[in-house]
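Visitor: I'd like a close look at one part of this model, with the backbone oddities and cut-offs spelled out. Take your time and keep it connected.

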Amino acid sequence: MPLKKIQMKSINNKIALAFFLLLFSCSIVRAQEIIKDSAVVSTKKVQSNQKQKIDGVIATVGDYIILDSDIDKGYLEISSQGGSIKDVTRCQMLGKLLEDKLYAHQAIQDSIKVTDTEVKGMMDDRLNYMVEQLGSLEKVVKYYKKNNEEEFKTYFFDVLKEQKLTSEMQKKIVDAVEITPEEVRNFFKKIPTVDLPVFGAEMEVAQIVITPKVTDAEKQKVIDKLNAFKKECMEGASFATKAVLYSQDPGSSSNGGFYKMNRKTPFVKEFKDVAFSLAEGEISAPFETDFGFHIIYVEKIKGQEVELRHILLTPSVSDESLKDAKEKITLIRKKIMDKEITFAEAARTQSDEKETRVNGGALINPKTQDTRFELTKMDPSLYGQVSNLKEGEITAPFMEDVQGKKKYKLITVTNRINEHTADYAKDYVKIKDLALKEKQIKAIGKWFDDKIKETYIKIIGEYRDCTFTNNWLKK
């Protein structure tokens with residue numbers, strides 16, 4: 001690897017890594033308590049019949065305490081998620097815990113609201129995942145060394161509430177940071193030429209999509225089937241069982257079609273409109289979305305949340321419709337190759353994909369929200385279609401089948417950007433992102449400096465000898 005590329009990574013990665021570490025706390029589950037300003041120490045007898053301290057308060061941040069065992073739990077959680085703890089010292093782990101407690105403490109001072117409903121929703125989602133991983137709730141309780149389910153849920157509720165307070169406080173700090181073009185320019189100018197970032201090879205791509213037409217007869221078959229399911233369920237049949245047996249939604253069929261949602265949950269509008277129009281215990285009439293036809297059964301309404309089950313059926317596409325779609329997209333390709341129309345014009349006037357049609361078929365990178373795709377991070381299925389295309393070349397028509405929805409596509413590479421040293425004009429979006437992250441890190445650092453000064457913080461015993469990034473000891 002060239003020296004310049006190594007040096008670039010030191011800038012790019014330092015900023016990204018530092019920012020990631022500052023915002024990482026929500027991925028680690030830790031114990032927490034809120035107590036008065038008093039220390040509690042647990043002891044146990046060892047073979048020598050002498051008492052040995054095995055746990056105790058090692059730090060206090062506002063109304064929060066940190067136990068010595070919290071550090072061990074932090075290590076356990078990192079390991080359970082596949083992370084390495086080889087070079088993480090107990091002092092570093094304590095520093096991270098202190099940060100999280102200060103975030104949570106200040107969130108309360110700032111009247112940041114975290115409702116019990118939000119926390120219960122988080123807990124249900126997390127428990128479902130853990131039960132899926134470990135096999136049963138009993139095993140989850142045992143893993144966390146709790147005596148029973150009730151004790152575990154009480155403990156876990158407090159943990160998740162603190163995590164939510166922490167993340168909301170972090171978000172409040174970061175969201176308040178804005179950056180001007182002048183600041184971006186100054187950030188770029190300050191980077192020594194030898195340390196300028198080297199960005200990897202990228203490309204911009206566009207597509208035309210032709211969706212085979214579904215006949216009214218095929219749609220009616222699905223509607224009739226869903227109406228039959230609704231009638232049977234209203235007469236006592238299990239909606240969940242029907243969903244397991246018949247729903248074509250891979251995300252929920254194995255779970256009886258179950259979803260929990262509020263108005264901010266990213267479901268398509270048609271689905272949300274129906275879900276929030278139903279009363280508890282009601283089953284909807286069949287309705288259509290881009291995914292097919294659905295019926296929804298509302299199990300519970302809890303404030304702004306709805307717990308529901310649904311069944312999705314996708315109408316079959318006839319062989320004749322598939323043939324017509326392939327012929328149409330083949331003809332479009334021929335017109336583009338014969339220079340009768342440009343790819344962008346064809347996308348705007350003939351593509352069936354409304355999301356890309358307006359932009360002449362240009363795809364937006366969901367991770368960066370711009371049109372560039374880094375080759376090493378591109379979705380494998382897309383990479384397989386375009387990796388060998390030269391700029392301006394077009395794929396042959398090919399069929400894509402996602403969750404039973406068949407469509408034909410043409411893809412072209414509109415621009416190839418080779419690996420290159422950062423250029424302010426060409427790479428402004430990336431440079432702005434780096435500059436913003438640096439400014440956010442500085443804002444977080446200043447926030448810690450200010451809040452540490454005005455918050456009661458106490459560190460006990462040998463941990464006072466730690467060297468911390470932040471001035472927790474107020475020296």
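Guide: Lys474 counts as partly exposed because its relative accessibility is 38%; buried means under 20% relative accessible area, exposed over 50%, and partly exposed in between, with a 1.4 Å probe and protein chains only. Lys474 sits in the segment after strand 15 (457–459), and its phi is near 50°, a positive value in a residue other than glycine. Helices (H or I, at least four residues) and strands (E, at least two) are DSSP runs, numbered from the N terminus.

A word on the ground rules. This is a predicted model, where local features need pLDDT of at least 70 and side-chain atom pairs count only at pLDDT 80 or more, while totals for chains, interfaces and linings use all residues. Residues are numbered from 1 along each chain as its sequence is written, and side-chain values use heavy atoms, leaving out hydrogens and water.

Gln369 is also a residue other than glycine with a positive phi, near 60°. You'll find Gln369 in the loop between helix 13 (354–357) and strand 11 (373–374), and at 58% relative accessibility it counts as exposed. For a glycine with a positive phi, go to Gly135, just after helix 4, at about 110°.

Helix 4 (residues 116–134) has 19 residues, so at 1.5 Å a residue it should span 27 Å, and its end C-alpha atoms, 26 Å apart, agree with that; the expected span is 1.5 Å times one less than the number of residues. Its buried residues are Val119, Gly121, Met123, Leu127 and Met130. Their cover includes helix 5 (137–143), helix 6 (149–175), strand 7 (258–261) and strand 10 (305–313), where contact means heavy atoms within 4.5 Å.

Those two strands lead to an open sheet of 4 strands, with order 7-10-9-8 and antiparallel pairing; two strands pair if DSSP finds at least two bridges between them. Strand 7 and strand 8 (287–289) are the edges, each pairing on one side only. Strand 7 and strand 10 run antiparallel, joined by 4 bridges, and Tyr259 has Leu308 in strand 10 as its bridge partner. Helix 8 packs on the sheet, touching strand 8, strand 9 (292–302) and strand 10, with its direction at about 30° to that of strand 9. Axes here are lines fitted to C-alpha atoms, for helices over the stretch in contact, and angles run from 0 to 180 degrees between N-to-C directions.

Asp216 belongs to helix 8 (residues 216–234) and counts as exposed at 64% relative accessibility.
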